[in-house]
Amino acid sequence: MTDDLPLTSRSLPIALLRAREKVMGPIRAMLADAGVTEQQWRVLRVLNEEGPQEPTHIAERACLLLPSLTRILQKLEHRGLISRRCHPADRRRQIVEISERGVQIIHANLSASMAQAERIRSQLGPEKHELLLDLLNELKDPKT
């Protein structure tokens, strides 16, 4: 054992992965029943929350690489869960919008998603839950 490397129990990357698996496990089951992947769910959530937007913004907000998003958008459009149109000011760009069918998937799984979020919140307690979110957001966007 080396003194330079922290124990895996004190490693931030490993702790984040373990926490992600704990949170996402039950959500994956819900998404499988809904017939969407984690990545597709994130895209639908972003579009539902923020409205029509360009793919580059969707990729950033849904934590996806643009090449992956391109494939995801093709699948979502093929299933009728989103629509794409040319940007009004620049026809080389596009605007993506969630369809009514996509909104229905969000609404059909809202209670299960909220129940899982509440389980985690209850497990941590409201104060720790909010602190965790604040710390993770600070890590994402450090104040320099």
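This passage describes the overall fold, the nonpolar core, the largest pocket and a few individual residues of a predicted model.

The chain contains seven helices and two strands. Followed along the sequence, these elements come in the order α-α-α-α-β-β-α-α-α. The C-alpha trace extends over about 55 × 35 × 30 Å along its principal axes. Of the 144 residues, 29% count as buried. Taking contacts between residues at least 6 apart in sequence, 45% join residues at least 24 apart.

A good place to begin looking inside the model is its largest nonpolar core, which has 25 residues. Two or more residues of this core come from each of H1, H2, H3, helix H4 (66-78), strand E2 (94-98) and helix H5 (100-108). Helix H2 gives the largest share, five residues. Val-43 and Leu-44 have the most contacts inside the core. The surroundings of Val-43 can be traced residue by residue: beyond its neighbours within four places in sequence, Val-43 is in contact with Ile-58, Ala-62, Leu-64, Leu-69, Ile-72, Leu-73 and Leu-76. As general background, nonpolar side chains in soluble globular proteins tend to be buried together.

Val-46 also belongs to helix H2. With a relative accessible area of 9%, Val-46 falls under the 20% cut-off and is therefore buried. Setting aside neighbours within four places in sequence, the contacts of Val-46 are with Gly-51, Gln-53, Ile-58, Arg-61 and Ala-62. One of these partners, Arg-61, is 15 residues from Val-46 in sequence, while the two C-alpha atoms are 6.7 Å apart in space. Ile-58 and Ala-62 appear among the contacts of Val-43 and also among those of Val-46.

Helix H2 covers residues 38-50, and Glu-38 lies in it. Is this charged residue buried or exposed? Glu-38 has a relative accessible area of 14%, under the 20% limit, so it counts as buried. Its side chain makes a polar contact with the side chain of Arg-20, at 2.9 Å. Not counting residues up to four places away in sequence, Glu-38 touches Arg-20, Met-24, Arg-28 and Leu-31.

Met-24, a contact partner of Glu-38, also helps to line the largest pocket. This pocket has a volume of about 1900 Å³. Its lining is made up of 39 residues, and those nearest the centre are Val-23, Met-24, Arg-42, Leu-133 and Leu-136. At least two lining residues are supplied by each of helix H1 (12-34), H2, helix H3 (55-61), helix H6 (110-124) and helix H7 (126-140). Sorted by class, the lining comprises 21 nonpolar, six polar and twelve charged residues. Helices H1, H2 and H3 thus feature in the account of the pocket lining and in that of the nonpolar core.

A last stop is the loop between H3 and H4, where Cys-63 is found. What is the phi of this residue near? The phi of Cys-63 is near 60°, a positive value in a residue other than glycine. For context, most residues other than glycine have a negative phi. The relative accessibility of Cys-63 is 65%, over the 50% cut-off, and Cys-63 therefore counts as exposed. Cys-63 can be set beside the two H2 residues described above, Glu-38, which is buried at 14%, and Val-46, which is buried at 9%.

Definitions and conventions
Residues are numbered from 1 along each chain as its sequence is written. This is a predicted model: local features need pLDDT of at least 70, side-chain atom pairs count only at pLDDT 80 or more; totals for chains, interfaces and linings use all residues. Side-chain values use heavy atoms; hydrogens and water are left out. Helices (H or I, at least four residues) and strands (E, at least two) are DSSP runs, numbered from the N terminus. Buried means under 20% relative accessible area, exposed over 50%, partly exposed in between (1.4 Å probe, protein chains only). A polar contact is a pair of N or O atoms within 3.5 Å; within protein, one must be able to donate a hydrogen and the other to accept it, and residues adjacent in sequence count only if both atoms are side-chain atoms. Contact means heavy atoms within 4.5 Å. On a 1 Å grid over the protein atoms alone, a cavity is a set of points where a 1.4 Å probe fits but cannot get out, and a pocket is an open set with protein on both sides within 12 Å along at least five of seven lines; lining residues have an atom within 4 Å of a point. Grid points are joined across faces, edges and corners, and a volume is the space filled by probe spheres set on the points. Ala, Val, Leu, Ile, Met, Phe, Trp, Tyr, Cys and Pro count as nonpolar, Asp, Glu, Lys and Arg as charged, and the others, Gly among them, as polar. A nonpolar core is a set of buried Ala, Val, Leu, Ile, Met, Phe, Trp, Tyr and Cys residues joined through side-chain atoms within 4.5 Å.
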